[in-house]
Amino acid sequence: MSKAITNVLFAGIGGQGIILASDLLSEMAFRCGFDVKKSEIHGMSQRGGSVSGDVRFGTKVYSPMIPAGEADYLVVLSEDQVEVCKNMINENTVILTPAILGDFDPGKSLNVAMLGALNAGLKLDKEIWFGLLKEHFKGELADVNIAAFERGEASVK
């Protein structure tokens, strides 16, 4: 990564795992030695409303909030959230939607599959990712989520 700060905005609907995805990316960036800041909005999540998570990491990050128009990546788990986040993107923002997965249906692991898709651009160490996923998900769930991550990453390459 050539930028001093990378800005990743996650967006979706309550219950899709937006907060977990932003937590996992934050922990991953920290384990890779970056300064990390995170912010989330989930007030309406229990009513099916929009949920978002800002993750900023780099050499030194001062604010957890991504400034308007400065998202490097927009990762949406619900396609309608692209419009909701329109003010956060610019002509260089990489927008990742579930459509990139093709006919692969990761079920409850959609958020992790989208992290894999994101990592195709971020290129963070996969072994560290797998260790993190094994810590967070136990047993068979770890294997399912690692497979979803790999499939998501492969869908972008």
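Buried means under 20% relative accessible area, exposed over 50% and partly exposed in between, with a 1.4 Å probe and protein chains only. The model on display is predicted: local features need pLDDT of at least 70, side-chain atom pairs count only at pLDDT 80 or more, and totals for chains, interfaces and linings use all residues. Residues are numbered from 1 along each chain as its sequence is written, and side-chain values use heavy atoms, with hydrogens and water left out.

**Stop 1: strand β4**

Select residues 73-76, which form strand β4. Strands (E, at least two residues) and helices (H or I, at least four) are DSSP runs, numbered from the N terminus. Both faces of β4 are covered: Y73 and V75 on one side are buried, as are L74 and V76 on the other.

Next, display the strands paired with β4; two strands pair if DSSP finds at least two bridges between them. β4 and β5 are parallel and share 3 bridges. Within this pair, V75 stands opposite L96 of β5, and Y73 has V94 as its bridge partner. β1 is also parallel to β4, joined by 4 bridges, and A11 has V76 as its partner there.

**Stop 2: the whole sheet**

Extend the selection to the 5 strands of the open sheet, whose order is β2-β3-β1-β4-β5, with mixed pairing. Which strands stand at the edges? They are β2 and β5 (94-96), each with a single partner strand, so one side of each is left without a neighbour in the sheet. Neighbouring strands are turned by 15° against each other on average, direction ignored; axes are lines fitted to C-alpha atoms, for helices over the stretch in contact, and angles run from 0 to 180 degrees between N-to-C directions.

Now colour strand β3 (residues 50-58), where 8 of the 9 residues are buried. β3 runs antiparallel to β1 (residues 5-13), with 9 bridges between them, and I13 is partnered with S50 of β3. β3 is also antiparallel to β2 (residues 35-41), over 7 bridges; in this pairing, K37 stands opposite R56.

**Stop 3: helices on the sheet**

Show helix α1 (residues 18-31), which packs on the sheet and touches β1, β2 and β3. Contact means heavy atoms within 4.5 Å. The direction of α1 makes about 5° with that of β3. Then add α3, which lies across β1, β3, β4 and β5 and runs at about 165° to β4.

**Stop 4: the nonpolar cores**

A nonpolar core is a set of buried Ala, Val, Leu, Ile, Met, Phe, Trp, Tyr and Cys residues joined through side-chain atoms within 4.5 Å. The largest has 35 residues, of which F10, L25, L115, L118 and W129 touch the most other members. Two or more residues come from each of β1, α1, β3, β4, α3, α4 and α5, and α3 gives the most, with 8.

Centre the view on L115. Not counting residues up to four places away in sequence, L115 touches F10, A21, L24, L25, W129 and F149. Apart from the largest core lies another, of 8 residues, including L9, L74, C85 and M88.

**Stop 5: helices α4 and α5**

Select α4 (residues 126-136) and α5 (residues 140-156), whose axes come within 9 Å and cross at roughly 145°. The crossing is right-handed; that is, the near helix is turned clockwise from the far one by less than a right angle, whereas an anticlockwise turn would make it left-handed. On α4 the contact is made by K126, W129, F130, L133 and K134, and on α5 by A142, N145, I146, F149, E150 and E153.

**Stop 6: three loop residues**

Move to T97, in the loop between β5 and α3. Is T97 buried or exposed? T97 is buried, with a relative accessible area of 12%. Leaving aside neighbours within four places in sequence, T97 is in contact with V76, E79, V82 and M114.

Next select K86, in the loop between α2 (81-84) and β5. K86 counts as exposed, at 53% relative accessibility. K86 and G69 are 17 residues apart in sequence and 8.3 Å apart in space, C-alpha to C-alpha.

Finish at K123, in the loop between α3 (110-122) and α4. K123 is exposed, at 65% relative accessibility. The phi of K123 is near 60°, a positive value in a residue other than glycine.
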